[in-house]
Each structure stands twice: as structure tokens, then as C-alpha cells.
Amino acid sequence: MYKKIWLLALALVCLSNFGAFAQQTTIWLVRHAEKQAASASMMSASDPELSELGIKRAADLAGVLKGKKINAIYSTNYKRTLATVAPLAAGLKLTPATYDPREANTLATKLIEENKGKEILIVGHSNTLIPLAKALQATVPFETLTDDTMTCCLG
């Protein structure tokens, strides 16, 4: 059951701040769940809703991360990313912060400064998560992310 959820997870990035009291910040980077296929009947092909499978995957993600101590959730301002985080956000009573996926370096700096010692979830897109992982100074073992890319642990 949980193996399916890993199809949408890109990475778990662990960043550490070593000082007198070391704090570990854990960042979960997740690609949005499956979106509806483009069709003439859809209102906007550039901002589709989640498919039925995507809705299930979003619920599965909430189940997988339920036991984690997620302090903050970040999402791009698209229906598919916001719907992916919705079940977890509702369960944790958190309001997702939206971010501009074109500003990976700015976001990375903000994440590190505002979330020291915390655990956060970031949901993005196949073309935005790799630049964000690199901005977080993670080693990324691949250059592209596709719908069928499996989980990889970055560090």
C-alpha cells in the first residue's frame, strides 16, 4: 500500500546545522499526485485537478507522513499541488504556504532560515523539484524527474 506513495516522492533531504545544539531540519520533497489527463472539456489544461488515483495518492501521502512531525507545508499555487497537500494539511491543521517555483534559491534560503530543527513538506512539479533540491545543496543523482521516477534519498 505505501509502496505506491513513493512513486510521487522525490526525496527526503536532511540538512544539519552543527552548533552547540545541533538541529536537524528534515525536508520532504514530493511531486504532486497524478493529475487529470488534458481534455477539451477541462477548464484549463495548464492547471488540472487531481485524477481519482491522484486523490487516493494524496490521502496515502497524508497517511505516510501522519506520524512525522511536519511543522510546515509548502506548495506551488496550482490545483494539483494544493490538492496533494490538502489531506495532510487538514489533518495537521496547517495552512500550506504557497511559493513561486521559479525562485528556487530564494525559497531554499527561506526554508533554511525559517525552519531550523523542523520537519517540512514541499510539494512541487517534475521540472521544479530538482532545481530546488540543488538550491538546498543536495546531491541529485539524476537530471530529470518523470512520472515514473522512484524515490531517491538525497543528502
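**Stop 1: the C-terminal end.** Select residues 150–155. This is a predicted model, and the pLDDT over residues 150–155 stays under 50. For this stretch the model has 23 contacts beyond four places in sequence.

**Stop 2: the N-terminal end.** Colour the chain by confidence. The protein has an average pLDDT of 81, and 76% of the residues reach at least 70. Next, select residues 1–21, where the pLDDT is below 50. Beyond near neighbours in sequence, residues 1–21 have 68 contacts in the model. Strand β1 (residues 9–17) has the lowest confidence, with a mean of 39. For the opposite extreme, select helix α3 (residues 79–92), where confidence is highest, at 97.

**Stop 3: the whole chain.** Switch to a cartoon view. The protein contains 5 helices and 5 strands. Followed from the N terminus, the elements appear in the order α-β-β-α-β-α-β-α-β-α. Of the 155 residues in the protein, 43% are buried. When contacts between residues at least 6 apart in sequence are considered, 61% of them join residues at least 24 apart. Now display the surface: the accessible area of the protein is about 8600 Å², and carbon and sulfur atoms account for 55% of it.

**Stop 4: strand β2.** Select Q24, which lies in strand β2 (residues 23–31). Is Q24 buried, partly exposed or exposed? Its relative accessible area is 45%, so Q24 is partly exposed. Add K118 to the selection and draw a distance between the two C-alpha atoms. Q24 and K118 are 94 residues apart along the chain, yet their C-alpha atoms are separated by 7.1 Å.

**Stop 5: strand β3 and its partners.** Select strand β3 (residues 70–75). Because 5 of its 6 residues are buried, β3 is largely enclosed by the rest of the structure. Which strands pair with β3? Strand β5 (residues 119–124) runs parallel to β3 and is joined to it by 5 bridges. Show the residues I73 and L121 here: I73 stands opposite L121 in β5. Strand β4 (residues 97–98) also pairs with β3 in the parallel sense, over 2 bridges. In that pairing, Y74 has A97 of β4 as its bridge partner. In a regular strand, side chains alternate between the two faces of the sheet.

Keep β3 and β4 selected and add α3. Together, β3, α3 and β4 form a right-handed β-α-β unit.

**Stop 6: the loop after α3.** Continue along the chain to K93, in the loop between α3 and β4. Check the backbone here: phi of K93 is near 60 degrees, a positive value in a residue other than glycine. K93 counts as exposed, because its relative accessibility is 75% and the cut-off for exposed is over 50%.

**Stop 7: helix α2.** Select A62, located in helix α2 (residues 52–65). A62 counts as buried, since its relative accessibility is 14% and buried means under 20%. Leaving aside residues up to four places away in sequence, A62 touches P87 and L88. For a further landmark, add A90, which is 28 residues from A62 along the chain. The C-alpha atoms of A62 and A90 are separated by 9.3 Å.

**Stop 8: helix α4.** Select helix α4 (residues 104–114) and look along its axis. Its buried residues are A104, L107, A108 and L111. Why do these four lie on the same side of α4? They cover an arc of only 100 degrees around the axis, which places them on one side of the helix. An α-helix has 3.6 residues a turn, so residues three or four places apart point the same way.

Now bring in the neighbours: the buried residues of α4 pack against β3, β5 and α5 (129–135). Then rotate to the face of α4 turned away from its buried side, which carries the exposed residues N105, T106 and E113.

**Stop 9: beyond α5.** Finish at Q137, in the segment after α5. As with K93, a residue other than glycine with positive phi, Q137 is a residue other than glycine whose phi is positive, near 65 degrees. Q137 is exposed, with a relative accessible area of 70%.

Terms used. Residues are numbered from 1 along each chain as its sequence is written. This is a predicted model: local features need pLDDT of at least 70, side-chain atom pairs count only at pLDDT 80 or more; totals for chains, interfaces and linings use all residues. Side-chain values use heavy atoms; hydrogens and water are left out. Buried means under 20% relative accessible area, exposed over 50%, partly exposed in between (1.4 Å probe, protein chains only). Contact means heavy atoms within 4.5 Å. Accessible areas come from the Shrake-Rupley method with a 1.4 Å probe; for residues, only the protein chains shown count as cover. pLDDT is the predictor's confidence in each residue, from 0 to 100. Two strands pair if DSSP finds at least two bridges between them. A crossover is right-handed if, with the strands pointing away from the viewer, the path from the first strand over the helix to the second runs clockwise. The arc is that of the directions from the helix axis to the C-beta atoms.
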